[in-house]
Amino acid sequence: MSRVRKAVIPAAGLGTRFLPATKATPKEMLPVVDTPAIQYVVEEAAGAGLDDVLMITGRNKRALEDHFDRNHELVTALRRKGDERRLAAVTASDDLATVHYVRQGDPLGLGHAVLCAADHVGDEPFAVLLGDDLIDPRDPLLGTMLDVQERHGGCVVALMEVSDEDIGRYGCASPAPGDSPDVPRITGLVEKPAPGTAPSNLAVIGRYVLSPEIFDVLRTTPAGKGGEIQLTDALRALASGAAPGGPVHGVVFRGRRYDTGDRGAYLRAVVRLACEREDLGPDFRDWLRKYVANEL
(Lines give C-alpha, C1' and ligand atoms only; values in the text may rest on other atoms or scores of the structure.)
Protein backbone atom coordinates (compact mmCIF):
# COMPACT_ATOMS: atom_id res chain seq x y z
CA MET A 1 0.00 0.00 0.00
CA SER A 2 1.56 3.26 -1.14
CA ARG A 3 1.82 6.36 1.04
CA VAL A 4 -0.49 9.19 0.00
CA ARG A 5 1.32 11.79 -2.12
CA LYS A 6 -1.41 13.65 -3.95
CA ALA A 7 -4.14 16.06 -2.92
CA VAL A 8 -7.24 16.97 -4.89
CA ILE A 9 -8.99 20.29 -4.26
CA PRO A 10 -12.40 20.73 -5.92
CA ALA A 11 -12.74 24.40 -6.85
CA ALA A 12 -15.26 24.52 -9.68
CA GLY A 13 -18.27 25.85 -7.75
CA LEU A 14 -20.02 29.02 -8.86
CA GLY A 15 -20.02 30.64 -5.42
CA THR A 16 -23.60 31.85 -5.76
CA ARG A 17 -23.93 32.53 -2.02
CA PHE A 18 -21.35 35.30 -2.39
CA LEU A 19 -22.77 37.10 -5.39
CA PRO A 20 -22.14 39.72 -6.66
CA ALA A 21 -18.53 39.43 -5.39
CA THR A 22 -18.11 36.09 -7.19
CA LYS A 23 -19.51 37.25 -10.52
CA ALA A 24 -15.96 37.66 -11.84
CA THR A 25 -13.81 36.52 -8.89
CA PRO A 26 -13.58 32.86 -7.83
CA LYS A 27 -15.05 32.24 -4.39
CA GLU A 28 -11.80 30.49 -3.46
CA MET A 29 -9.92 33.76 -3.98
CA LEU A 30 -11.96 35.75 -1.48
CA PRO A 31 -9.52 36.93 1.20
CA VAL A 32 -9.64 35.60 4.74
CA VAL A 33 -8.03 38.70 6.24
CA ASP A 34 -5.38 39.14 3.51
CA THR A 35 -4.82 35.60 2.25
CA PRO A 36 -7.10 33.85 -0.25
CA ALA A 37 -9.01 30.95 1.27
CA ILE A 38 -7.53 28.57 -1.30
CA GLN A 39 -3.98 29.32 -0.12
CA TYR A 40 -4.79 28.13 3.41
CA VAL A 41 -5.95 24.82 1.92
CA VAL A 42 -2.85 24.33 -0.23
CA GLU A 43 -0.66 25.20 2.76
CA GLU A 44 -2.44 22.51 4.77
CA ALA A 45 -1.84 19.90 2.07
CA ALA A 46 1.81 20.85 1.74
CA GLY A 47 2.24 20.84 5.51
CA ALA A 48 1.05 17.23 5.57
CA GLY A 49 3.64 16.27 2.96
CA LEU A 50 1.31 16.32 -0.06
CA ASP A 51 3.28 18.36 -2.56
CA ASP A 52 1.38 17.22 -5.67
CA VAL A 53 -1.91 19.15 -5.79
CA LEU A 54 -4.63 18.90 -8.43
CA MET A 55 -7.29 21.61 -8.51
CA ILE A 56 -10.60 20.80 -10.18
CA THR A 57 -11.62 24.13 -11.69
CA GLY A 58 -14.20 25.53 -14.07
CA ARG A 59 -14.84 28.54 -16.22
CA ASN A 60 -13.78 31.92 -14.81
CA LYS A 61 -11.26 30.32 -12.43
CA ARG A 62 -8.08 31.55 -14.12
CA ALA A 63 -7.25 33.66 -11.07
CA LEU A 64 -6.46 30.46 -9.17
CA GLU A 65 -3.73 29.58 -11.64
CA ASP A 66 -2.37 33.12 -11.58
CA HIS A 67 -2.19 33.14 -7.78
CA PHE A 68 0.01 30.05 -7.60
CA ASP A 69 2.20 31.23 -10.49
CA ARG A 70 5.16 33.61 -10.26
CA ASN A 71 4.44 37.29 -10.82
CA HIS A 72 7.81 38.50 -12.05
CA GLU A 73 6.76 42.13 -12.53
CA LEU A 74 5.40 42.46 -9.00
CA VAL A 75 8.40 40.68 -7.48
CA THR A 76 10.80 42.98 -9.35
CA ALA A 77 8.90 46.09 -8.24
CA LEU A 78 8.92 45.04 -4.58
CA ARG A 79 12.62 44.17 -4.71
CA ARG A 80 13.41 47.61 -6.12
CA LYS A 81 11.50 49.16 -3.23
CA GLY A 82 13.22 46.93 -0.70
CA ASP A 83 9.81 45.87 0.60
CA GLU A 84 10.85 42.50 2.00
CA ARG A 85 7.68 41.94 4.02
CA ARG A 86 5.34 42.21 1.04
CA LEU A 87 7.81 40.34 -1.16
CA ALA A 88 7.73 37.39 1.23
CA ALA A 89 3.91 37.48 1.25
CA VAL A 90 3.72 37.52 -2.55
CA THR A 91 6.18 34.67 -3.07
CA ALA A 92 4.81 32.46 -0.26
CA SER A 93 2.37 30.75 -2.63
CA ASP A 94 4.85 30.17 -5.47
CA ASP A 95 6.55 27.02 -4.21
CA LEU A 96 4.08 25.50 -1.76
CA ALA A 97 3.46 22.55 -4.06
CA THR A 98 3.40 21.48 -7.67
CA VAL A 99 -0.11 22.55 -8.63
CA HIS A 100 -1.96 21.05 -11.59
CA TYR A 101 -5.35 21.98 -12.99
CA VAL A 102 -8.18 20.16 -14.75
CA ARG A 103 -11.61 21.51 -15.60
CA GLN A 104 -14.89 20.03 -14.52
CA GLY A 105 -16.89 20.67 -17.67
CA ASP A 106 -20.32 20.32 -16.04
CA PRO A 107 -21.29 21.14 -12.43
CA LEU A 108 -22.48 17.63 -11.57
CA GLY A 109 -21.52 17.52 -7.89
CA LEU A 110 -18.62 16.71 -5.60
CA GLY A 111 -18.51 13.07 -6.66
CA HIS A 112 -18.15 14.09 -10.29
CA ALA A 113 -15.46 16.62 -9.39
CA VAL A 114 -13.46 13.89 -7.62
CA LEU A 115 -13.93 11.62 -10.63
CA CYS A 116 -12.26 14.28 -12.79
CA ALA A 117 -9.04 13.51 -10.86
CA ALA A 118 -8.92 9.84 -11.91
CA ASP A 119 -6.30 10.19 -14.66
CA HIS A 120 -4.01 12.30 -12.49
CA VAL A 121 -4.31 10.15 -9.37
CA GLY A 122 -4.08 6.77 -11.06
CA ASP A 123 -4.04 3.75 -8.73
CA GLU A 124 -2.81 5.57 -5.60
CA PRO A 125 -4.71 6.62 -2.49
CA PHE A 126 -5.19 10.39 -2.37
CA ALA A 127 -6.55 13.18 -0.20
CA VAL A 128 -9.47 15.49 -0.99
CA LEU A 129 -9.63 18.91 0.68
CA LEU A 130 -12.67 21.15 0.29
CA GLY A 131 -11.98 24.86 0.20
CA ASP A 132 -14.93 25.85 2.40
CA ASP A 133 -13.31 24.26 5.45
CA LEU A 134 -10.17 25.88 6.82
CA ILE A 135 -8.41 23.84 9.50
CA ASP A 136 -6.23 25.69 11.97
CA PRO A 137 -2.62 24.45 11.55
CA ARG A 138 -2.28 24.33 15.33
CA ASP A 139 -4.86 21.52 15.37
CA PRO A 140 -3.61 19.09 12.71
CA LEU A 141 -6.22 16.88 11.11
CA LEU A 142 -4.94 15.75 7.73
CA GLY A 143 -1.77 14.18 9.12
CA THR A 144 -3.82 12.09 11.54
CA MET A 145 -6.09 10.96 8.70
CA LEU A 146 -3.07 9.93 6.63
CA ASP A 147 -1.75 7.88 9.54
CA VAL A 148 -5.11 6.12 9.94
CA GLN A 149 -5.25 5.35 6.22
CA GLU A 150 -1.72 3.98 6.23
CA ARG A 151 -2.63 1.74 9.18
CA HIS A 152 -5.96 0.44 7.93
CA GLY A 153 -6.05 1.10 4.18
CA GLY A 154 -9.34 1.99 2.55
CA CYS A 155 -10.82 5.44 3.08
CA VAL A 156 -10.87 7.94 5.92
CA VAL A 157 -13.34 10.78 6.43
CA ALA A 158 -13.12 13.73 8.81
CA LEU A 159 -15.97 13.95 11.31
CA MET A 160 -17.18 16.64 13.68
CA GLU A 161 -19.81 16.52 16.39
CA VAL A 162 -22.68 18.92 15.64
CA SER A 163 -26.07 19.64 17.18
CA ASP A 164 -29.23 17.81 16.18
CA GLU A 165 -30.45 21.03 14.57
CA ASP A 166 -27.38 21.31 12.33
CA ILE A 167 -26.82 17.68 11.28
CA GLY A 168 -29.23 18.04 8.34
CA ARG A 169 -26.75 20.40 6.66
CA TYR A 170 -24.07 17.71 6.40
CA GLY A 171 -23.36 14.18 5.40
CA CYS A 172 -23.84 12.05 8.51
CA ALA A 173 -21.91 8.94 9.54
CA SER A 174 -23.09 5.71 11.18
CA PRO A 175 -20.20 4.80 13.52
CA ALA A 176 -19.14 1.43 14.93
CA PRO A 177 -16.34 0.74 17.44
CA GLY A 178 -12.86 1.22 16.00
CA ASP A 179 -9.37 1.90 17.31
CA SER A 180 -10.71 4.51 19.72
CA PRO A 181 -13.79 6.71 20.18
CA ASP A 182 -12.13 9.29 17.93
CA VAL A 183 -11.35 6.75 15.17
CA PRO A 184 -14.61 4.85 14.59
CA ARG A 185 -15.29 2.39 11.82
CA ILE A 186 -17.96 3.82 9.49
CA THR A 187 -20.72 1.43 8.47
CA GLY A 188 -22.99 3.85 6.63
CA LEU A 189 -23.38 7.44 5.45
CA VAL A 190 -26.43 9.60 4.81
CA GLU A 191 -26.32 12.86 2.83
CA LYS A 192 -28.20 15.66 4.65
CA PRO A 193 -30.58 13.49 6.66
CA ALA A 194 -34.14 14.65 7.28
CA PRO A 195 -34.94 15.87 10.82
CA GLY A 196 -35.09 13.01 13.28
CA THR A 197 -33.51 10.45 10.94
CA ALA A 198 -29.78 11.05 11.47
CA PRO A 199 -27.91 7.92 12.64
CA SER A 200 -25.56 10.01 14.82
CA ASN A 201 -24.42 13.56 15.46
CA LEU A 202 -21.16 12.98 13.56
CA ALA A 203 -21.07 15.24 10.51
CA VAL A 204 -18.68 14.71 7.62
CA ILE A 205 -16.52 17.80 7.05
CA GLY A 206 -14.38 18.65 4.08
CA ARG A 207 -11.37 16.35 4.41
CA TYR A 208 -11.14 12.84 2.94
CA VAL A 209 -8.42 10.28 2.25
CA LEU A 210 -9.70 7.96 -0.46
CA SER A 211 -8.65 4.69 -2.02
CA PRO A 212 -8.41 4.67 -5.83
CA GLU A 213 -11.28 2.17 -6.02
CA ILE A 214 -13.59 5.11 -5.32
CA PHE A 215 -13.32 6.03 -9.01
CA ASP A 216 -14.91 2.77 -10.17
CA VAL A 217 -17.79 3.34 -7.78
CA LEU A 218 -18.27 6.97 -8.82
CA ARG A 219 -18.48 5.96 -12.48
CA THR A 220 -21.63 3.99 -11.73
CA THR A 221 -23.11 6.17 -8.97
CA PRO A 222 -26.43 7.71 -10.07
CA ALA A 223 -27.35 11.30 -9.30
CA GLY A 224 -28.51 11.72 -5.71
CA LYS A 225 -29.44 14.74 -3.61
CA GLY A 226 -29.85 17.85 -5.72
CA GLY A 227 -29.50 15.86 -8.92
CA GLU A 228 -25.74 15.64 -8.36
CA ILE A 229 -23.30 12.74 -8.06
CA GLN A 230 -22.63 12.61 -4.35
CA LEU A 231 -19.31 11.46 -2.92
CA THR A 232 -21.26 10.36 0.17
CA ASP A 233 -23.20 7.83 -1.91
CA ALA A 234 -20.00 6.28 -3.27
CA LEU A 235 -18.45 6.12 0.21
CA ARG A 236 -21.57 4.38 1.49
CA ALA A 237 -20.96 1.53 -0.96
CA LEU A 238 -17.39 1.16 0.29
CA ALA A 239 -18.43 1.37 3.94
CA SER A 240 -21.04 -1.36 3.54
CA GLY A 241 -18.67 -3.69 1.70
CA ALA A 242 -20.83 -3.55 -1.45
CA ALA A 243 -17.76 -2.46 -3.42
CA PRO A 244 -14.00 -2.95 -2.97
CA GLY A 245 -11.96 -0.07 -1.61
CA GLY A 246 -12.94 -0.15 2.06
CA PRO A 247 -12.97 -0.14 4.95
CA VAL A 248 -14.05 3.39 5.81
CA HIS A 249 -12.85 4.94 9.07
CA GLY A 250 -13.54 8.33 10.57
CA VAL A 251 -11.36 10.76 12.49
CA VAL A 252 -13.35 12.91 14.91
CA PHE A 253 -11.94 16.44 14.82
CA ARG A 254 -12.24 18.57 17.96
CA GLY A 255 -9.96 21.45 16.96
CA ARG A 256 -10.43 24.84 15.38
CA ARG A 257 -12.24 24.90 12.04
CA TYR A 258 -13.20 27.98 10.08
CA ASP A 259 -16.20 27.62 7.80
CA THR A 260 -16.11 29.95 4.80
CA GLY A 261 -19.07 28.35 3.05
CA ASP A 262 -21.63 31.08 3.71
CA ARG A 263 -21.48 34.79 4.38
CA GLY A 264 -22.05 34.70 8.13
CA ALA A 265 -19.54 31.91 8.75
CA TYR A 266 -17.05 33.63 6.44
CA LEU A 267 -17.29 36.88 8.41
CA ARG A 268 -16.81 35.02 11.69
CA ALA A 269 -13.73 33.30 10.27
CA VAL A 270 -12.23 36.64 9.21
CA VAL A 271 -12.83 38.16 12.65
CA ARG A 272 -11.42 35.16 14.52
CA LEU A 273 -8.27 34.97 12.42
CA ALA A 274 -7.74 38.75 12.46
CA CYS A 275 -7.99 38.75 16.26
CA GLU A 276 -5.22 36.15 16.46
CA ARG A 277 -2.77 37.91 14.14
CA GLU A 278 0.26 39.42 15.89
CA ASP A 279 0.37 42.34 13.47
CA LEU A 280 -3.37 43.11 13.48
CA GLY A 281 -4.79 41.46 16.58
CA PRO A 282 -4.03 43.94 19.39
CA ASP A 283 -5.50 46.99 17.66
CA PHE A 284 -8.34 45.04 16.09
CA ARG A 285 -9.37 43.39 19.38
CA ASP A 286 -9.33 46.78 21.11
CA TRP A 287 -11.54 48.30 18.42
CA LEU A 288 -13.86 45.28 18.48
CA ARG A 289 -14.37 45.53 22.26
CA LYS A 290 -15.24 49.22 21.96
CA TYR A 291 -17.54 48.57 19.02
CA VAL A 292 -19.44 45.85 20.83
CA ALA A 293 -19.68 47.90 24.03
CA ASN A 294 -20.69 51.18 22.45
CA GLU A 295 -22.53 50.31 19.26
CA LEU A 296 -24.28 47.02 20.07
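**Close-up legends for a predicted model**

**View 1. Inside the main nonpolar core.** In this predicted model, the largest nonpolar core has 46 residues, and the ones that touch the most other members are Ile9, Leu50, Met55, Leu129 and Leu141. Which helix gives this core its largest share? That would be helix H1, residues 37-47, which chips in five residues.

**View 2. Zooming in on Ile9.** Let's skip the neighbours within four places in sequence and see what else Ile9 is in contact with. The list runs through Ile38, Val41 and Val42, then Val53, Leu54, Met55 and Ile56, and ends with Leu129.

**View 3. A second core.** There's another nonpolar core, separate from the one around Ile9. This second core holds 36 residues, including Cys155, Val157, Ile186 and Leu231.

**View 4. How the chain is put together.** Count up the secondary structure and you get 11 helices and 13 strands. The radius of gyration is 20 Å, close to the 19 Å that the globule rule gives for 296 residues, so the protein is as compact as a globular protein of that length. If you look at contacts between residues at least 6 apart in sequence, 75% of them join residues at least 24 apart.

**View 5. Surface and charges.** How much of the protein is buried? Buried residues account for 49% of the 296. On the outside, the protein exposes about 14,900 Å², with carbon and sulfur atoms supplying 50% of that area. As for charge, there are 35 positive and 43 negative side chains, and the centres of these two sets sit 4 Å apart.

Terms used: Residues are numbered from 1 along each chain as its sequence is written. This is a predicted model: local features need pLDDT of at least 70, side-chain atom pairs count only at pLDDT 80 or more; totals for chains, interfaces and linings use all residues. Side-chain values use heavy atoms; hydrogens and water are left out. Helices (H or I, at least four residues) and strands (E, at least two) are DSSP runs, numbered from the N terminus. The radius of gyration is taken over C-alpha atoms; the globule rule is 2.2 Å times the number of residues to the power 0.38. Buried means under 20% relative accessible area, exposed over 50%, partly exposed in between (1.4 Å probe, protein chains only). Contact means heavy atoms within 4.5 Å. Accessible areas come from the Shrake-Rupley method with a 1.4 Å probe; for residues, only the protein chains shown count as cover. Lys and Arg count as positive and Asp and Glu as negative; His and the chain ends are not counted. The place of a charge is taken as NZ of Lys, CZ of Arg, CG of Asp or CD of Glu. A nonpolar core is a set of buried Ala, Val, Leu, Ile, Met, Phe, Trp, Tyr and Cys residues joined through side-chain atoms within 4.5 Å.
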